[in-house]
Amino acid sequence: MTESWEKKLSCATQCDRCHQKLGRKDQRILSAYDHQPICLPCKKAEEKRPDYEAVFRAAIGQCLIDTELTYGDPGGYCFYHFYPFTC
């Protein structure tokens, strides 16, 4: 995990999935599949995939291992798999 992840992800200018432009105040969230910023409609579509639950659990587990946190990551990288953010 690089130290510049926050700027790279929070200031993304487009959804990694549908390529919709994202303004500074548009909400985005991290994909459970590739950890890239996506728009909320793409997140809702992602949640409907049959393998989403298993992928999401594995992604969060690995995220916590990668960030070396046991009890969560308030306001950090893993947190943004759950809650939308803006630039």
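# Reading a predicted α-β-β-α-α model

Modeller: Read along the sequence, this protein follows the pattern α-β-β-α-α. The model is a predicted one.

Colleague: How many helices and strands does the protein have?

Modeller: There are three helices and two strands. The protein has 87 residues, of which buried residues make up 33%. About 5,800 Å² is exposed, and carbon and sulfur atoms supply 53% of that area. Of the contacts between residues at least 6 apart in sequence, 45% join residues at least 24 apart.

Colleague: Which residues illustrate an approach between distant positions in the chain?

Modeller: Leucine 30 and tyrosine 80 are 50 residues apart along the chain, and their C-alpha atoms are separated by 5.9 Å. Leucine 30 belongs to strand S1, and its relative accessible area of 0% makes it buried.

Colleague: I should like to turn to the aromatic residues. What describes a pair of aromatic rings?

Modeller: Such a pair is described by the distance of the centres and the angle of the planes. This structure holds two aromatic pairs. In one of them, tyrosine 33 and tyrosine 52 are 6.4 Å apart, centre to centre, with 45° between the planes, and the pair is tilted. This pair links distant parts of the chain, 19 residues apart: tyrosine 33 is in the loop between strand S1 (28-30) and strand S2 (37-39), while tyrosine 52 is in helix H3 (residues 52-66).

Colleague: Are tyrosine 33 and tyrosine 52 buried or exposed?

Modeller: Tyrosine 33 is partly exposed, because its relative accessible area is 23%. Tyrosine 52 has a relative accessible area of 10% and is therefore buried.

Colleague: Why is the pair of tyrosine 52 and phenylalanine 56 classed as it is?

Modeller: The ring centres of tyrosine 52 and phenylalanine 56 are 5.4 Å apart and the planes stand at 25°, so this pair is stacked. The cut-off used in that step is that planes under 30 degrees apart count as stacked. The two residues are four apart in helix H3, which means that about one helical turn separates them. Phenylalanine 56 counts as buried, because its relative accessibility is 14%. Tyr33, Tyr52 and Phe56 form one aromatic cluster.

Colleague: Which residue lies over the face of tyrosine 33?

Modeller: Arginine 49 lies over that face, at 3.9 Å from the ring centre of tyrosine 33.

Colleague: Let us consider the nonpolar cores. Which residues make up the largest one?

Modeller: In soluble globular proteins, nonpolar side chains tend to be buried together. Here the largest nonpolar core has six residues: Cys15, Leu22, Ile29, Ile38, Cys39 and Cys42. Apart from this core lies another, of five residues, including Ala32, Tyr52, Ala59 and Ile60.

Colleague: What is isoleucine 38 in contact with, leaving aside its neighbours within four places in sequence?

Modeller: With those neighbours left aside, isoleucine 38 is in contact with Cys15, Asp16, Arg17, Arg28, Ile29, Ser31, Lys43 and Glu46.

Colleague: How should the burial of helix H2 be read? Which of its residues are buried?

Modeller: In helix H2 (residues 40-47), the buried residues are Cys42, Lys43 and Glu46. Seen down the axis of H2, these buried residues fall within an arc of 105°, so they line one face of the helix. The face turned away from the buried side of H2 carries the exposed residues Pro41 and Lys44. The cover over the buried residues of H2 includes S1, S2 and H3.

Colleague: Where is lysine 43 placed, and is it buried or exposed?

Modeller: Lysine 43 is in helix H2. Its relative accessible area is 5%, and lysine 43 is therefore buried. Leaving aside neighbours within four places in sequence, lysine 43 is in contact with Ile29, Leu30, Ala32, Ile38, Tyr52, Phe56 and His81.

Colleague: One backbone matter remains. What sign of phi do most residues other than glycine have?

Modeller: Most residues other than glycine have a negative phi. Histidine 19 is not a glycine, yet its phi is positive, at about 70°. Histidine 19 lies in the loop between helix H1 (5-10) and S1, and it counts as partly exposed because its relative accessibility is 49%. Histidine 35, also not a glycine, has a positive phi of about 60°. Histidine 35 lies in the loop between S1 and S2, and at 24% relative accessibility it counts as partly exposed.

Technical notes. Residues are numbered from 1 along each chain as its sequence is written. This is a predicted model: local features need pLDDT of at least 70, side-chain atom pairs count only at pLDDT 80 or more; totals for chains, interfaces and linings use all residues. Side-chain values use heavy atoms; hydrogens and water are left out. Rings of Phe, Tyr and Trp (its six-membered ring) pair if their centres lie within 6.5 Å; planes under 30 degrees apart count as stacked, over 60 as edge-to-face and the rest as tilted. Buried means under 20% relative accessible area, exposed over 50%, partly exposed in between (1.4 Å probe, protein chains only). A charge sits over a ring if NZ of Lys or CZ of Arg is within 6 Å of the ring centre and within 35 degrees of the ring normal. A nonpolar core is a set of buried Ala, Val, Leu, Ile, Met, Phe, Trp, Tyr and Cys residues joined through side-chain atoms within 4.5 Å. Contact means heavy atoms within 4.5 Å. Accessible areas come from the Shrake-Rupley method with a 1.4 Å probe; for residues, only the protein chains shown count as cover. The arc is that of the directions from the helix axis to the C-beta atoms.
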